[in-house]
Each structure stands twice: as C-alpha cells, then as structure tokens.
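Work through the exercises below with the sequence and the model side by side. Try each task before reading its solution.

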Amino acid sequence: MAYSSERSQEARRGFLDPRTKLALVLILALFVMGGLGGEALRPIKTALSALPFALLLVERQGKRFLRGILMLAVGYGLLFALPYLPGVLNFLALMCGGILTRFVVTVVMGEYLIASTSVSEFISAMERLHMPQAVTIPMSVMFRLFPTIGAEWRSIRRAMRMRGIHLGGAKATRVLEYQLVPMMTSTVRIGEELSASALTRGLGGPVRRTNICRIGFRAQDLVLLVGCLFVIAVWILELCGVALW
C-alpha cells in the first residue's frame with residue numbers, strides 16, 4: 001500500500017540527490033577552496049565556481065544567489081583594486097579578497113546543500129552510503145542547527161532593535177552584551193535540544209530506521225558525478241605530467 005504522502009514527498013524532492021551534493025561540496029572544497037591542481041586546472045575551477053550559483057537558480061533560491069554573487073564581486077573587486085591601494089590597505093585587500101574568492105563558492109555550495117536537503121533525505125543518503133551512526137547523528141543535528149541558529153539570531157536582533165540596541169542606535173555600545181551573549185547561550189541550548197530530539201526520533205538505536213522520503217540518482221546526478229570523476233582524472237593526469245591543454 002502506498003503512503004498517502006508519496007505525492008507530497010515527490011513534490012518536495014530536490015533537484016539533486018543528497019549524495020551528489022556531498023560529492024560536489026567535497027570537490028569544490030578540494031579544488032576551489034583548497035587550490036588543488038594549481039593554475040593548470042584554472043578552466044575547470046572556473047566552471048566549478050559557477051556550478052553552485054546555477055543550482056541556486058534551479059532551486060529558486062534568489063536571495064542566496066544574490067548574496068553569494070555580491071560577496072564574490074566584493075572579493076574580486078578588492079583584488080582588482082590592489083595596485084591602487086597603499087601598504088596596509090593593500091595587505092588587507094589582498095587577505096580579504098583572497099579569502100572571499102576562495103571560500104565563497106564552497107560556502108554557497110554548502111548553503112545550497114543545507115537549504116535544499118531535508119534531515120530525512122540526508123539520513124537516508126548516509127544510510128545508503130553505509131556511514132556509521134557516529135558520523136550520521138552529528139551531521140543530521142548540524143543540518144537543523146544552522147537554520148535554527150539563524151532564526152534565533154534574527155529574533156534576538158528584532159527584540160533588541162525594538163529597544164534601540166543596534167549599530168547606529170542610541171545604545172550601540174550595548175550590542176556586544178545584549179545580542180552576542182544571548183546568542184551564545186541560545187546556541188548551547190539549541191544544540192542540546194536538537195541532540196535530544198535526534199535521539200528520541202530513534203537515531204542511535206539498534207534497529208534500522210525507515211522513512212518515506214524518496215532519494216535516488218537521476219540523469220542530472222549522473223552527469224554531475226561523471227563531471228566530478230573527470231575533474232579527479234584530469235588532476236591525476238596533471239600529476240603524471242600529461243597536459244590536456
């Protein structure tokens with residue numbers, strides 16, 4: 001007998017399988033953020049850098065797309081302005097621009113992974129990868145932790161803004177005390193509550209859990225996974241002294 005929510009689960013199904021997203025995060029972390037392959041893989045790195053933004057557009061995540069593009073533009077703008085800046089400013093622009101251009105792409109890909117993957121989908125993917133529960137449980141808690149912390153931070157800022165405690169307000173000197181301190185205590189509490197919630201849902205038990213979410217590789221997953229293998233193959237050939245271009 002089919003579940004009554006089967007159609008709704010299919011409607012909520014993401015464009016990519018969670019395992020494909022994890023593979024893309026790993027590839028971007030190694031080659032774009034980590035700089036693996038050097039200048040020899042520059043064309044491939046450029047294509048990889050555009051991939052997270054394309055996926056955000058596919059998933060209709062316009063705000064995240066614009067925020068990532070803005071941060072990347074700031075990074076490249078700082079690097080472009082290097083010859084025109086004096087000593088200390090030149091160093092700061094080089095440091096900030098280098099960090100932004102290297103990290104933003106991978107951070108955007110991680111944000112896409114968290115935003116477009118439910119906890120059930122992630123757990124199901126990790127079980128199919130035969131990952132131990134010591135890895136699955138903390139990562140599943142992390143998937144709920146970041147969105148919850150973001151919502152808590154927005155609530156604290158709204159509450160403090162109503163009291164005039166914000167940058168540019170009459171009580172701007174109290175921002176550190178009245179916003180960051182409650183945020184730190186809330187983060188500890190949220191982590192404990194989510195860990196307890198994960199355990200009460202059966203994670204960590206001896207019996208394998210079941211779920212009704214649908215995951216699986218489709219054509220787009222196969223294309224991107226083949227692309228990941230191609231990047232690794234090109235890197236290995238470069239290490240062996242075989243230049244493809």
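**Exercise 1. Place R60 and describe its backbone.**

Solution. Start with location: R60 sits in the loop between helix 3 and helix 4. Helices here (H or I, at least four residues) and strands (E, at least two) are DSSP runs, numbered from the N terminus. Next, the backbone: phi of R60 is near 60°, a positive value in a residue other than glycine. Most residues other than glycine have a negative phi. Last, accessibility: R60 counts as exposed, at 78% relative accessibility. Buried means under 20% relative accessible area, exposed over 50%, and partly exposed in between (1.4 Å probe, protein chains only).

A note on the source: this is a predicted model, where local features need pLDDT of at least 70, side-chain atom pairs count only at pLDDT 80 or more, and totals for chains, interfaces and linings use all residues. Residues are numbered from 1 along each chain as its sequence is written, and side-chain values use heavy atoms, with hydrogens and water left out.

**Exercise 2. Summarise the overall fold.**

Solution. Count the elements: the protein has nine helices and zero strands. Read along the sequence, the pattern is α-α-α-α-α-α-α-α-α. Then take burial: 32% of the 245 residues count as buried. Finally, look at contacts (heavy atoms within 4.5 Å). Among those between residues at least 6 apart in sequence, 72% join residues at least 24 apart.

**Exercise 3. Find the centre of the largest nonpolar core and the helices that build it.**

Solution. First fix the term: a nonpolar core is a set of buried Ala, Val, Leu, Ile, Met, Phe, Trp, Tyr and Cys residues joined through side-chain atoms within 4.5 Å. The largest such core has 29 residues, and L24, L48, L55 and M109 touch the most other members. At least two residues of this core come from each of helix 2 (18-33), helix 3 (42-58), helix 4 (62-80), helix 5 (87-116), helix 6 (119-128) and helix 9 (219-239). Now zoom in on L55. Leaving aside neighbours within four places in sequence, L55 is in contact with F15, L16, L24, M109 and Y112. A second, separate core has 11 residues, including V141, I156, V175 and L194.

**Exercise 4. Describe how helix 2 packs on helix 5.**

Solution. Begin with geometry. The two helices, helix 2 and helix 5, pack at an angle of about 170°, with their axes 9 Å apart. That makes helix 2 roughly antiparallel to helix 5. Axes are lines fitted to C-alpha atoms, for helices over the stretch in contact, and angles run from 0 to 180 degrees between N-to-C directions. Angles under 35 degrees count as roughly parallel, over 145 as roughly antiparallel, 65 to 115 as roughly perpendicular and the rest as oblique.

Then list residues. On the helix 2 side, those in contact include P18, L24, L28 and V32. On the helix 5 side, they include F103, M109, Y112 and L113.

**Exercise 5. Analyse two of the aromatic pairs.**

Solution. Apply the rule: rings of Phe, Tyr and Trp (its six-membered ring) pair if their centres lie within 6.5 Å; planes under 30 degrees apart count as stacked, over 60 as edge-to-face and the rest as tilted. The count comes to three aromatic pairs.

- F31 and W235 are edge-to-face, 6.1 Å centre to centre with 85° between the planes. F31 lies in helix 2 and W235 in helix 9, so this pair ties together parts 204 residues apart in sequence. F31 is buried at 2% relative accessibility, while W235 is partly exposed at 24%.
- F53 and F65 are also edge-to-face, 6.0 Å centre to centre with 80° between the planes. F53 lies in helix 3 and F65 in helix 4, so the pair ties together parts 12 residues apart in sequence. F53 is buried, with a relative accessible area of 5%.

**Exercise 6. Characterise F122 and what follows its helix.**

Solution. F122 is in helix 6. It counts as buried, at 0% relative accessibility. Leaving aside neighbours within four places in sequence, F122 is in contact with L22, T117, T136, M139, S140 and F143. The C-alpha atoms of F122 and M139 are separated by 8.8 Å.

Now move on to H130, in the loop between helix 6 and helix 7 (133-162). Phi of H130 is positive, near 60°. H130 counts as exposed, at 70% relative accessibility.
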